[in-house]
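Could you walk me through this protein–DNA model, with the cut-offs spelled out as you go? A short tour with one table would be ideal.

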2 protein chains.
Amino acid sequence: MAQRIQNLRRAQTSASMAQALTLSGRRWALRVVWELRVGPLNFRALQAACGDISPSVLQRRLNELRDHQIIEKIPRLGYRLSTSGEKLFQVLAQLDKWSAGLPDDAQ
Amino acid sequence: MAQRIQNLRRAQTSASMAQALTLSGRRWALRVVWELRVGPLNFRALQAACGDISPSVLQRRLNELRDHQIIEKIPRLGYRLSTSGEKLFQVLAQLDKWSAGLPDDAQ
DNA sequence: CTTCCTGCTATCAATAGAGTAGCGATGAGC
DNA sequence: GCTCATCGCTACTCTATTGATAGCAGGAAG
């Protein structure tokens, strides 16, 4: 049966990957990481960089990213990537390269 | 002014990257791509693989991913990654590696 | 003091997603 | 032909997430 064959072929998605995919499935989450790539940004600058995202959502994303230790808050400059966040940025750099090769009219 | 310095430092996010980030900010979008990594899956198998995601959302994601030519529908087997989708999978493989190094209790 | 900018919160409307039921098509077995 | 199971997918309702706007408290500067 085709169904059974497919199940046999399937490698399970790890819990950590499922979590990462859930995190990145939250709106603006990866965009925030991406915008922090060149250095720390404060709240309003980050908001502007994301195209005037609403502050309530931004605040939620920042808290989530901090919970995951992807970003950290620093006294006067706002938010910056943590070590782990820098590594995530490397992944996003790959995504950037990928996106450049897409048909740009599709939506 | 700190704000001005930050703006000068900032490299703009490309339109294609913004689009890619928007796409991946939709719930289950990347998960679907990930689940298709080992081969084609039909609708219900895909639904099950994503942890019984509701069919209405899955249908929307599938249409969106098809619009972006990341997946394609094939007559009897369901859905599979396109060439572009395979490349996106390579990026997700990096994300998988990244996620394995995270604290797994954070949420 | 006033004025500005800051991070952030409160509130409410709009949208997206989850959950469930079920329809029409297709294929297998009889 | 029939039944029966499975398929892709849609319709519907309800809940959760996000968007938009206003504005507050705190700090710095004048």
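Around DNA strand D there are 19 residues, and those that come nearest are Asn42(B), Phe43(B), Arg44(B), Lys73(B) and Tyr79(B); a residue counts as near a strand if one of its heavy atoms lies within 4 Å of it. This is a predicted model, in which local features need pLDDT of at least 70 and side-chain atom pairs count only at pLDDT 80 or more, while totals for chains, interfaces and linings use all residues. Residues are numbered from 1 along each chain as its sequence is written, chains are lettered from A and ligands numbered from 1 in the order in which they are written, and side-chain values use heavy atoms, with hydrogens and water left out.

Sugar or phosphate supplies 51% of the atoms of DNA strand D within 4 Å of the protein, and bases supply the rest. Of the residues on this surface, six are nonpolar, five polar and eight charged. In this scheme Ala, Val, Leu, Ile, Met, Phe, Trp, Tyr, Cys and Pro are nonpolar, Asp, Glu, Lys and Arg are charged, and the others, Gly among them, are polar.

The table gives polar contacts to both DNA strands. Such a contact is a pair of N or O atoms within 3.5 Å; within protein, one must be able to donate a hydrogen and the other to accept it, and residues adjacent in sequence count only if both atoms are side-chain atoms.

| Protein side | DNA side | Distance |
|---|---|---|
| Arg27(A), polar backbone atom | strand D, phosphate oxygen | 3.5 Å |
| Trp28(A), side-chain N or O atom | strand D, phosphate oxygen | 3.2 Å |
| Asn42(B), side-chain N or O atom | strand D, phosphate oxygen | 3.5 Å |
| Asn42(A), side-chain N or O atom | strand C, phosphate oxygen | 3.4 Å |
| Arg44(A), side-chain N or O atom | strand C, base oxygen | 2.5 Å |
| Arg76(B), polar side-chain atom | strand C, phosphate oxygen | 3.0 Å |

For DNA strand C, the elements that give two or more residues to the nearby surface are helix H4 (43–49) and helix H5 (55–67) of chain A, together with helix H5 (55–67) of chain B. Helices (H or I, at least four residues) and strands (E, at least two) are DSSP runs, numbered from the N terminus. H5(B) gives the most here, with five residues. For DNA strand D, the largest share, five residues, comes from H5(A).

In total, 17 residues surround DNA strand C, and the closest are Asn42(A), Phe43(A), Arg44(A), Lys73(A) and Tyr79(A). Of the atoms of DNA strand C that come within 4 Å of the protein, 52% are accounted for by sugar and phosphate. This surface has six nonpolar, four polar and seven charged residues.

Now to the protein itself. Chain A has six helices and two strands, in the order α-α-α-α-α-β-β-α along the sequence. Of its 107 residues, 48% count as buried, where buried means under 20% relative accessible area, exposed over 50%, and partly exposed in between (1.4 Å probe, protein chains only).

Which residues of H5(B) are buried? They are Leu58(B), Arg61(B), Leu62(B), Glu64(B) and Leu65(B). Seen down the helix axis, these buried residues fall within an arc of 165°, so they line one face of H5(B); the arc is that of the directions from the helix axis to the C-beta atoms. They pack against H2, helix H3 (29–35), H4, strand S1 (71–74) and strand S2 (78–81) of chain B, with contact meaning heavy atoms within 4.5 Å. Just after H5(B), Gln69(B) takes a positive phi of about 55°.

Helix H6 (residues 83–100) of chain A has 18 residues, which at 1.5 Å a residue should span 26 Å, and its end C-alpha atoms are indeed 26 Å apart; the expected span is 1.5 Å times one less than the number of residues. Its buried residues include Leu88(A), Phe89(A), Leu92(A) and Trp98(A). On the other side of H6(A), Thr83(A), Lys87(A), Lys97(A) and Ala100(A) are exposed. The cover over the buried residues of H6(A) includes helix H3 (29–35) and strand S2 (78–81) of chain A, together with helix H2 (15–24) and helix H6 (83–100) of chain B. At the N-terminal end, Ser82(A) caps H6(A), with a side-chain oxygen 3.3 Å from the backbone nitrogen of Ser84(A).
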